[in-house]
Amino acid sequence: MTWGIIGAMDSEVALLRDSMEVERTEEISGLTYYIGTLCGQKVIVVCCSIGKVNAAICAQTLAAVFKVDRLVNVGVAGALDERLRIFDVVVSEKLCYHDADLDIFERNPPFVSEYAADKDMVRLAEQACEKIAGTDFRCFGGRIVSGDRFVSENAEKQRIVGQFHPMCVEMEGAAVGHVAAANKIPFVVIRSMSDGADDNAGMSFDEFAPKAAEHSAKIVMEMLKLA
Ligand code: SAH
């Protein structure tokens, strides 16, 4: 069983890459795939860069070229649910795009506008969170939305909350879910909050994203140990 693990920014995969035993690397479409073992599991760790298409290129390569059995998208996100604090973790249940006309997706093949994470992987991620969550952060499950924009205005935040009622917003998860669904590969997205997707998001992201990224990477490692 091989796990494909995707982060958009170097800070989101650095701990995983540094902790794994790398057997070899491969470059495809400008991305470097680190192939080896981590916490007793066969893994391929890769930094896909920011945004939906970059994430999709990466996930499809993991599916078609490397034939991974599991996909995990790890990283940081902007909190939308008011219960969430910085560093809290959201494990995806369902994902969709917040910047697309979902009605068109539903009317056309493959007639899907929302991507459901694998229930067993969600459970495993939640168990991993519970094991290492302490005073630093708490764990929530729920909907994650993705779009090709850094959400950093209260007005846009309110629009997204009103339309989708999600837990958090980021820029890759739904694309990974989309590719996973097309290839029938179980997946989950794990995100630690770096900001509140509001007028202060830019400053908050700069201050908290590195530590938040580390949290979510640690959860993935715990998940691999439990698997
Ligand atoms: N500051 C960087 C860009 C970061 S984009 C620059 O200007 O170059 C933000 C990244 O973190 C994306 O990969 C996204 O998935 C996640 N993210 C964190 N907070 C977010 C928010 N408020 N809105 C959208 N994506 C967010």
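Me: How far is an oxygen atom of the ligand from a polar backbone atom of Met 171?
Reply: This is a predicted model, in which local features need pLDDT of at least 70 and side-chain atom pairs count only at pLDDT 80 or more, while totals for chains, interfaces and linings use all residues. Residues are numbered from 1 along each chain as its sequence is written, and side-chain values use heavy atoms, with hydrogens and water left out. A polar contact here is a pair of N or O atoms within 3.5 Å. For Met 171, the distance from that ligand oxygen to the backbone atom is 2.9 Å.

Me: Which residue has a side-chain N or O atom 2.7 Å from a nitrogen atom of the ligand?
Reply: Let's separate two contacts of ligand nitrogen. With Val 151, a polar backbone atom is the partner, at 2.9 Å. The side-chain partner at 2.7 Å belongs to Asp 195.

Me: How much of the ligand does the protein bury?
Reply: Accessible areas come from the Shrake-Rupley method with a 1.4 Å probe. Taken alone, the ligand exposes 570 Å². The part of this that the protein buries is 76%.

Me: Which strands each supply at least two residues of the shell around the ligand?
Reply: The shell has 18 residues, each with a heavy atom within 4 Å of the ligand. Strands are DSSP runs (E, at least two residues) and helices are runs of H or I (at least four), numbered from the N terminus. The strands in question are β5 (70–79), β9 (168–170) and β10 (187–195).

Me: Where does the ligand sit?
Reply: A pocket is an open set of points on a 1 Å grid over the protein atoms alone, where a 1.4 Å probe fits, with protein on both sides within 12 Å along at least five of seven lines. A molecule sits in one if more than half of its atoms lie within 2 Å of its grid points. By that test, the ligand's place is the largest pocket.

Me: What volume does the largest pocket have?
Reply: A volume is the space filled by probe spheres set on the grid points, which are joined across faces, edges and corners. For the largest pocket, that comes to about 230 Å³.

Me: Which residues that line the largest pocket are closest to its centre?
Reply: Lining residues have an atom within 4 Å of a grid point. The lining has 19 of them, and β5, β9 and β10 each give two or more. Closest to the centre are Val 76, Phe 150, Glu 170, Met 171 and Phe 205.

Me: Which residue is joined to Pro 109 by a cis peptide bond?
Reply: The omega angle of this bond is about 0 degrees. The partner is found in the loop between α3 (102–107) and β7 (115–116). That partner is Pro 110.

Conventions. A polar contact is a pair of N or O atoms within 3.5 Å; within protein, one must be able to donate a hydrogen and the other to accept it, and residues adjacent in sequence count only if both atoms are side-chain atoms.
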